[in-house]
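Biologist: I am new to this structure. Please pick one part for a close look, then lead me from there to the rest.

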Amino acid sequence: MEIKLLEVLSGGMLLRLHEAKVIKDRRHHLRTYPNCFVAKEIIDWLIEHKEASDRDTSIKIMQKLLDQSIIHHVCDEHKEFKDMKLFYRFRKDDGTFPLDSEAKVFMRGQRIYEKLMNTENTLLQTREEEGVTYERTLVASEFIDWLLQEGEMPTREETEQLGRRLLEHGIIQHVSNKHHFVDGGLLYQFRMNFRRRRRLMELLNERCRSIPENHDSPFCLRKQGSEGGNTSFLSVSPTKEIKVVSAVRRSSMSSSCGSSGYYSSSPTLSSSPPVLCNPKSVLKRQVSPEELQTPGGPYIKKTFTIVGDAVGWGFVVRGSKPCHIQAVDPGGPAAAAGMKVCQFVVAVNGMNVLNLDYRTVSSLILTGPRTVVMEVMEEADY
């Protein structure tokens, strides 16, 4: 379940439709269908309230909600949303909304956020950490005290675990993205403004997370927001020279680059000469897992907590046993956390991946939480 879809669902659309009487009990063939809406009427409502520009766009928006099991036909007979007098219902209104772990954490975070906003307290304040001033911050220990007081968790240890889940699902973050959530004096902020009503048109810009089929392609964990057919990603060579690499937005699993994950090039780099889509590995030589783990060897371990932003994490993984960092977006979350090219990936969210290839590692990251904790190893004199 995508967070944006949940934000639309819980951010006011359902309430607005009830208030406008678009959702109500309806009768058809002597049978009453509670809390449902007519497809044709909701399309009228979307256009009238400028949530969609035309009927075709409205149908696409509602089809997105239907595909993600947020709405369904009252008799589950229609899998395509049609501009007709058919009855549909929000699953939240009939108790059939699928609450997976991400949805539960998201809704828990929303409830905590609203409780904080509606309670007179001094938890959210402008504070300073490492010489930098941040607005609307929470001190971890004070936040835990408050959560315990509000009965969110029975013990301090469990409350700290709740804070870690909120961070891992991108609801809160350390102010400089350097630390996971820990009980202490570090500062954290809410990453989401749950009170901002999202435009339904944003649903149509969601991109599916998929794994490339081409084994030679680099895999970039940073999604591009443009709708254009062509784009590019930044590849960092061993000389640290930045090049623009041409790519084609994936339209099928057999496309030339085989990847829907990439990040767009900076406008200042657009005049750089293009190179091949699959650049040469940045490694001088492949290193085995045994060599990396040899006691007293030249490699040191580092741990990064990377909080994905709206377009991804900002790095490319390539190779196998172990895979390595092929490229890093200079302006992305991974670079901000300290990630560099040529580092070998040791673990992802606590799971050892030394003997896995880049496709498996990519899958672990893409199917996991928005916040990823990565252990890497690099040469000590790197």
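**A close look, starting from one strand**

Modeller: Asn35 is found in strand E2, which covers residues 31-38. Keep in mind that this is a predicted model. The phi of Asn35 is near 50°, a positive value, and Asn35 is not a glycine. Most residues other than glycine have a negative phi. Is Asn35 buried, exposed or partly exposed? Asn35 counts as partly exposed, because its relative accessibility is 27% and the buried class ends at 20%.

Now turn to the core. The largest nonpolar core holds 23 residues. Those with the most contacts inside this core are Leu17, Phe37, Ile42, Met62, Ile71, Phe81 and Phe90. Which elements supply at least two residues each? They are helix H1 (3-19), helix H2 (39-48), helix H3 and strand E4 (87-90). H2 gives the largest share of this core, five residues.

Take Ile42 as a way in. Set aside its neighbours within four places in sequence. Ile42 is then in contact with Leu17, Val22, Phe37, Met62 and Phe81. Another core lies apart from this one. That other core has 22 residues, among them Ile306, Met339, Val341 and Val348.

Met62 leads us to helix H3. Met62 is one of the buried residues of H3. The others are Thr57, Ser58, Ile61, Gln63, Leu65 and Leu66. How should we read such a list? An α-helix has 3.6 residues a turn, so residues three or four places apart point the same way. Thr57 and Ile61 can be looked at with that in mind, as can Ser58 and Met62.

Next, check the length of H3. H3 runs over residues 55-67, which makes 13 residues. The expected span is 1.5 Å times one less than the number of residues. For H3 that gives 18 Å. The end C-alpha atoms of H3 are 18 Å apart, so the model agrees with the expectation.

Look at both ends of H3 too. At the N-terminal end, Asp54 acts as the cap. A side-chain oxygen of Asp54 lies 3.3 Å from the backbone nitrogen of Asp56. Past the other end, H3 is followed by Ser69. The phi of Ser69 is positive, near 60°.

Positive phi also turns up in a loop. Lys321 is in the loop between strands E14 and E15. The phi of Lys321 is positive, about 45°, although Lys321 is not a glycine. Lys321 counts as exposed, because its relative accessible area is 51% and the exposed class starts over 50%. The peptide bond from Lys321 to Pro322 is cis, with omega near -5°. Most peptide bonds are trans. Pro322 is found in the loop between E14 (312-318) and E15 (324-328).

Now the charged pairs. How many salt bridges does a search of the whole structure find? It finds 17. One of them joins the side chains of Glu152 and Arg108, at 2.9 Å from N to O. Glu152 lies in the loop between helix H6 (140-149) and helix H7 (156-168), and Arg108 lies in helix H5 (residues 101-118), so this pair ties together parts 44 residues apart in sequence. Glu152 is buried, with a relative accessibility of 8%.

Glu152 also forms a salt bridge with Lys115, whose closest N and O atoms are 2.9 Å apart. Lys115 sits in H5, and this pair links parts of the chain 37 residues apart. Lys115 is partly exposed, at 23% relative accessibility. Arg108, Arg111, Lys115, Glu150 and Glu152 are linked in a network of salt bridges.

H6 takes part in another bridge. Arg127 pairs with Glu142, the closest N and O atoms being 3.5 Å apart. Arg127 is in strand E5 (residues 125-129) and Glu142 in H6, so the bridge ties parts 15 residues apart in sequence. Arg127 is buried, with a relative accessible area of 15%. Glu142 is partly exposed, at 34%.

Last, confidence. The protein chain averages a pLDDT of 74, and 71% of the residues score at least 70. Where is confidence lowest, and where highest? Strand E11 (residues 242-248) is lowest, at a mean of 30, and H6 is highest, at 95. Over residues 207-278 the pLDDT is below 50. Beyond near neighbours in sequence, that stretch has 172 contacts in the model. Where pLDDT is low, the predicted coordinates should not be read in detail.

Methods: Residues numbered from 1 in each chain as written. Predicted model: local features only at pLDDT ≥ 70, side-chain atom pairs only at ≥ 80, totals over all residues. Heavy atoms only, no water. Helix = DSSP H or I, 4+ residues; strand = E, 2+ residues; numbered from the N terminus. Buried < 20%, exposed > 50% of the residue type's maximum accessible area, 1.4 Å probe, protein only. Polar contact = N/O pair within 3.5 Å; in protein donor to acceptor, adjacent residues only side chain to side chain. Core = buried A, V, L, I, M, F, W, Y, C linked by side-chain atoms within 4.5 Å. Contact = heavy atoms within 4.5 Å. Salt bridge = Lys/Arg side-chain N within 4 Å of Asp/Glu carboxyl O. pLDDT = per-residue confidence, 0-100.
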